[in-house]
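Hi everyone, thanks for squeezing me in. Have a look at this one with me, and then I'll walk you through a few places in it.

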Amino acid sequence: MTIAVKTFARLAEAASALSTERGARFLAGGTLVMRAVNEAEPSIETLVRSTDPSFVGIAVTSGRVELGAGVTMAAILGERELAFLHPVARAVGGPAVREAATIGGNLFAPSPYGDFASALLALDATVTLAGGYGQRELSLEEFLGRRERGASLVSSIAFKRPANEVFRFTKVTRVHPKGLSVLAIAAQLPLANGRIAGPRIAYGAMGRMPLRAKAAERALEGRPLEDNAIAPALAVAADGTSPLDDAIASAWWRREILPIHLRRLLLGAGRS
Amino acid sequence: MKTSIQFRLNDEEVATFADSGSNLLDVLREGIGDLSVKGGCWQGTCGTCTVLVDGMPRLSCVTLAESCEGKSIETVAGLRQGAKLHPLQTAFMERFAAQCGYCTPGMLMAAKALLDREPNPTRENVVDAICGNICRCTGYEPIIAAVLDAARAAPRRS
Amino acid sequence: MARHRGRGVATINYPIGMNLGGDPSQALVHSNPTGKFTVALSSIDLGQGMKSVTRQICAETLGIPVEDVYVDTADSDTGPHCMGSFASRGTHRVGNAVMAAAREARAVMMEAAAEELEVDPGDLETDGRGSIHVKGAPHRAISVRDVAIAAQFRQGKTISGRGIFLVPLSDVNPETGEMSPATCYAHACQIVDLEVDDETGEVTVLKMTSAYELGRAINPKLVEQQLVGGSWMGMSHALFETPEPYYPDTREGPRDFNEYLMPGPGDICPHDIVVLERPAPDGPFGAKGPGEMCANPSLPAIANAIYDAVGVRIDELPITPEKVLRALKVRGRPEAPPRVR
Amino acid sequence: MLEMRKDIFADERADNLKEVGQPTQRQDMLGHVTGTSAYYDDHRFANLLHLKILRSPHAHARIRSIDDAAASRAPGVKRIIRAADVPVNLNTLLSLIQFGKDDEPSLATDVVRYKGEPILGVVATSERAAREALELVRISYDPLPAVFDVEEALKPGAVSVNPVYPKNTFEYHGKYDHQKLRFGAVEQAFAQADFVSEERYQMSPIEHAPTETNGSIAVPDTNGRFTVYTSTQALFFSLDTSAKINAMPSNQLHFIGGTVGGGFGGKVDTLTEPLAILAARLTGAPVRYRLSRHEEMQFGSPRGAERIYVKDGVMRDGRIVARQVRAYFDAGAYTRLSSYAVVKCVAHIPGPYTIPNVHADVFCVFTNRTPATAMRGFGVTALDFALECQMDKDAVAIGMDPLEFRLLNAYRDGDMKAHRREAKNCALIECAQVAAEKANWPLRDEFRKMSSKKDGGAERAGVADRTRMSTPAAPVRTGTSAPQRVTYERPAGSTSPPPIQSTPPATPPAGSTHGVRRFSSVFGTRRR
């Protein structure tokens with residue numbers, strides 16, 4: 001059986017096809033889907049693509065960033081205004097993967113992939129889904145909670161642009177400079193009078209999908225970024241996480257080193 | 001279902017028919033007959049099949065061939081100009097940067113992608129450029145040295 | 001956080017060729033009518049440089065430039081039997097077979113030259129540049145090309161040779177293990193400097209310094225390829241690789257190069273290498289084989305350096321950061337790790 | 001950076017060579033950098049068919065039934081290959097050198113013994129069609145208990161993995177469950193030693209991970225022959241193994257290879273050629289059998305997982321007086337080459353040191369893991385890891401510099417090795433001295449002045465237990481034990497190939513030479 005490839009000029013048409021065609025899968029960068037096609041994954045019978053220009057659009061204003069879901073890691077790296085995201089994009093694969101891998105695809109990548117999604121979670125991003133009957137917006141958190149429940153087509157992702165120096169990211173790998181995540185930490189750490197106000201921290205590879213470090217966020221509220229002050233946050237850093245044992249690392253090791261790397265990130269000693 | 005695919009390969013127009021849904025690697029090798037491109041995993045994880053699509057490095061094994069319609073593709077078969085080797089090829093030879101040679105075509109194309117946009121790379125740039133390409137023989141050091149040599153040897157682009 | 005530096009050493013030797021011998025290889029060498037030689041083998045070049053090493057051995061033995069030799073391998077219709085490319089047997093076994101074949105071919109070449117120059121073959125020598133002349137009288141010379149033409153078209157001689165090399169099979173005494181496992185051994189000593197992060201267990205290899213004794217470096221560049229790549233593989237075995245990360249549970253076995261861990265180009269370190277040559281009496285020009293032994297010292301040298309750094313012994317490979325961290329938790333983080341040296 | 005130390009051992013070497021010793025460019029380098037080096041898969045054939053293999057999901061199970069009816073009707077499928085199609089469906093690689101009994105089927109018949117064991121093949125017009133057809137095959141299994149640990153496998157009542165070796169150990173000399181090494185008297189030496197320690201070491205299996213996976217293309221040639229393009233590391237080894245399994249005369253096969261995308265020991269096992277040839281015979285078309293990366297990673301034979309116990313007796317002055325090694329090589333479900341590695345390991349004990357009392361027992365153990373095979377440093381890498389870690393611990397225990405401790409015990413010319421051969425051509429001391437100098441590792445003067453050529457022999461040349469000493473020229477061969485790699489001669493009357501076996505015996509008779517006779521080329525009789 002060969003695969004049918006259907007290409008649509010508009011995302012909405014692609015979204016319709018995705019829900020009506022037999023065994024349809026949306027193809028963006030291909031890093032995950034083409035591998036499955038090569039392996040003759042039986043559930044894939046149709047590849048749906050779109051050439052909609054909005055799918056690869058990047059809109060950056062002083063307050064807001066809106067990215068088409070088809071924007072690649074390489075495109076992020078080519079956008080000076082998105083410098084705060086460059087360490088995140090560079091953490092995804094080698095250069096050839098970054099040319100293909102899209103931020104939309106990253107939202108579907110199973111752990112320990114999906115580092116970019118954890119960054120977007122820390123940025124409190126909203127996801128816009130394209131459907132045959134129009135668009136729908138929901139928070140990334142909500143999206144991740146239901147992503148395995150059915151085919152959906154993400155058309156764009158938007159978030160408030162963080163102030164300078166507020167966003168931090170670190171990824172721990174076994175292999176350097178490129179490797180799958182042992183864990184990734186993304187954090188927005190706004191400071192007011194030298195104290196943290198409204199932090200937002202997300203982890204990659206600390207569960208089946210990117211997740212918030214809510215206990216640590218609460219413990220950091222109102223604290224300065226100093227060794228003693230962050231200790232309570234480190235103590236609860238792993239609360240609510242459920243890391244996997246996989247080929248890269250065990251759940252035990254992930255939990256053990258999470259507070260170490262969170263501390264390094266908070267105190268500015270992390271790799272980025 | 002066979003579908004027709006046409007693109008530029010190393011500055012020549014080529015066309016072939018392939019099963020719909022085929023990856024670019026299989027189309028280049030089986031369809032067009034460019035055997036300079038090697039396959040190592042068909043999973044997008046080893047970099048062996050790296051080619052340039054419109055000047056940018058791509059893993060041909062996870063690139064839908066139909067998405068390359070009308071594009072310009074470069075493989076190592078087109079790297080040398082006539083009898084004259086590309087500076088990267090010369091540098092790889094001088095540094096003995098290949099043993100089994102199987103990863104070499106992909107390595108060269110990954111390195112070319114770097115030098116085409118960054119003629120004066122740092123060691124860190126080179127390490128990043130080849131970090132998606134697995135080599136099981138050399139320990140990488142001779143490859144890194146060769147790419148740095150090639151950058152020094154290449155005529156400066158404007 | 002504290003990063004602790006450590007240094008470890010290992011010294012090893014390695015047997016050349018199949019254990020107990022009994023692993024022959026053959027070679028055929030012949031000239032074309034204009035004095036260019038082909039070596040026919042069935043041996044495999046899987047990157048180690050079989051074609052190149054045997055080419056140099058053949059040229060040296062024939063006394064002609066290396067450019068005038070081409071190695072053709074591996075076609076079972078034309079290449080005679082070779083046991084295979086394993087057990088560090090390529091340079092030693094195949095090299096010897098090629099040398100024997102080249103000697104036989106050289107003898108015919110010298111006879112043919114002697115006939116053309118009307119001298120005794122014993123009075124002739126090759127200059128290594130494509131010419132044969134009377135010893136002490138370089139002007140009384142003939143080119144290898146002209147010798148080949150004469151041999152083929154006037155004298156009716158085949159400038160060719162057959163070679164085989166076989167270390168006779170040794171038996172093993174079942175009660176004592178008495179045996180003759182190998183005829184020669186390569187040697188190595190490696191010193192590894194590294195750093196251990198005592199909060200995460202992560203190990204960063206900083207420097208390798210090694211001395212390898214391999215009989216004769218037939219080609220120092222090819223030797224360097226093996227030594228550099230082999231040490232990388234040794235480091236990989238020591239710190240990274242396993243297809244069964246949760247053995248004896250076979251879950252989560254890696255399926256691809258993202259999941260199967262090996263050092264990336266950002267994990268490598270400077271490596272100072274010194275090569276020693278104590279010729280093996282039965283090696284081709286004394287050569288042993290560098291290909292396998294070079295990976296071996298890195299595993300224990302790294303393990304020993306980790307102990308030197310933080311005082312924990314990991315005796316189970318690979319030495320993952322998780323294992324180091326677990327051991328550190330049992331032992332307690334060292335303020336001043338016990339020094340080995 | 002590589003430095004040649006030509007000054008060392010200069011008196012043993014002539015350095016008047018012209019081509020040898022030169023940094024000549026590799027003959028194959030231009031091909032490598034231009035992408036023109038031709039690997040096995042760089043050959044194109046019209047109407048190429050593709051073979052994919054169905055593999056066991058269980059580590060140990062009885063196959064109750066196989067239903068491949070739907071698969072055989074699937075689009076593009078040309079042929080299903082079943083165990084019964086394999087002419088000689090039981091082999092062991094080293095039968096080529098008359099070592100070991102045939103113990104491994106090409107396709108499993110009644111029982112699968114490791115996760116990933118081949119059961120059935122589909123030959124189809126595309127790899128995709130073959131993969132899709134495999135999804136349609138229905139197999140029902142009765143899972144059996146499995147054993148994954150070498151020492152568990154040796155316990156009484158352990159699951160029996162391989163019916164050819166029901167006790168889970170390879171048989172040495174036709175009667176022993178392991179290979180021994182006995183030199184001197186370790187127990188007495190341990191009793192007298194100042195310090196005794198025993199440690200356990202565990203090697204990991206290692207995937208060879210060549211960038212080119214194992215594969216081959218078998219092409220029906222004119223005149224009834226088959227041309228086989230192959231990634232093998234050993235051309236005639238693979239040719240003869242393929243001829244045996246296919247019950248074909250070896251000259252019906254024409255193997256072409258020699259340019260291989262990395263091997264490291266992982267391309268000796270002849271994993272693809274026999275079935276590619278069989279598929280080409282059964283379909284009359286060229287067939288490619290290429291392992292996917294996933295198959296290569298999970299089911300391609302890895303480096304074995306050796307477990308090694310080392311017990312040392314050391315004196316306060318730094319002399320090692322006794323070393324005892326107990327090692328278990330995890331062969332996985334079938335022998336492949338592990339039996340050979342055990343003997344090589346025994347030969348390597350006690351490492352490059354002169355120790356007067358050495359005792360070793362090394363086992364080749366069957367478990368339900370993926371069959372292990374050769375890899376760079378085969379039989380030695382794990383032992384070196386164990387011994388060199390042990391050396392470090394010994395040095396710490398007696399408070400000696402670890403490099404000086406090694407130098408003190410290093411073997412020298414004229415010393416007696418534990419396998420009862422004189423040490424010659426040694427250079428361990430010089431390597432250690434040179435590396436120490438290069439790395440600024442301080443050595444005391446007396447250690448810097450040591451030499452492999454000095455102070456060896458004399459009492460270091462002795463064998464403590466002389467009752468077992470034999471003359472090196474005539475190794476002891478015990479009366480009734482079966483010969484182990486003792487002869488290249490084939491049994492008389494072996495020129496005609498035996499009849500094709502359609503249903504191989506599950507357990508061949510012990511000591512059978514089954515499989516050996518029809519071989520011609522491996523030991524030179526081809527040109528006799």
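So, what covers the buried residues of H3(D)? Before I get to that, some housekeeping: this is a predicted model, where local features need pLDDT of at least 70, side-chain atom pairs count only at pLDDT 80 or more, and totals for chains, interfaces and linings use all residues. Residues are numbered from 1 along each chain as its sequence is written, while chains are lettered from A and ligands numbered from 1 in the order in which they are written.

Okay, the helix. Helix H3 of chain D runs over residues 127-134, and seven of its eight residues are buried. Buried here means 20 or more other C-beta atoms within 10 Å of the residue's own, with C-beta atoms placed from the backbone. Helices (H or I, at least four residues) and strands (E, at least two) are DSSP runs, numbered from the N terminus. The buried set includes two glutamates, Glu127(D) and Glu132(D), along with Arg128(D) and Leu134(D). And the cover? It includes strand E2 (49-55), helix H2 (69-73), strand E4 (77-81) and strand E6 (118-124) of chain D.

Now, chain D also meets chain C. There, 110 residues of chain C are in contact with 116 residues of chain D; contact means C-beta atoms, placed from the backbone, within 7 Å. On the chain C side, the elements that give at least two residues include helix H1 (50-62), helix H4 (220-239) and strand E11 (271-276). That side divides into 54 nonpolar, 32 polar and 24 charged residues. For the bookkeeping, Ala, Val, Leu, Ile, Met, Phe, Trp, Tyr, Cys and Pro count as nonpolar, Asp, Glu, Lys and Arg as charged, and the others, Gly among them, as polar.

Stay on E11(C) for a second. This strand pairs with strand E1 (residues 2-4) of chain D, parallel, over three bridges; pairing takes at least two bridges found by DSSP. Val275(C) has Met4(D) as its bridge partner.

Chain C touches chain B too, with 19 residues from chain B and 16 residues from chain C. On the chain B side, H5(B) gives the largest share, three residues.

Last stop, inside chain C. The chain is divided into domain 1 (3-16 + 182-331) and domain 2 (25-165), with bounds from an automatic or database domain assignment. Their centres, taken over C-alpha atoms, are 38 Å apart. Where they meet, 16 residues of domain 1 contact 15 residues of domain 2, and H4(C) supplies the largest share of the domain 1 side, three residues.

Conventions:
Two residues are in contact if their C-beta atoms, placed from the backbone, lie within 7 Å. A residue is buried if 20 or more other C-beta atoms lie within 10 Å of its own, exposed if 12 or fewer, and partly exposed in between; C-beta atoms are placed from the backbone.
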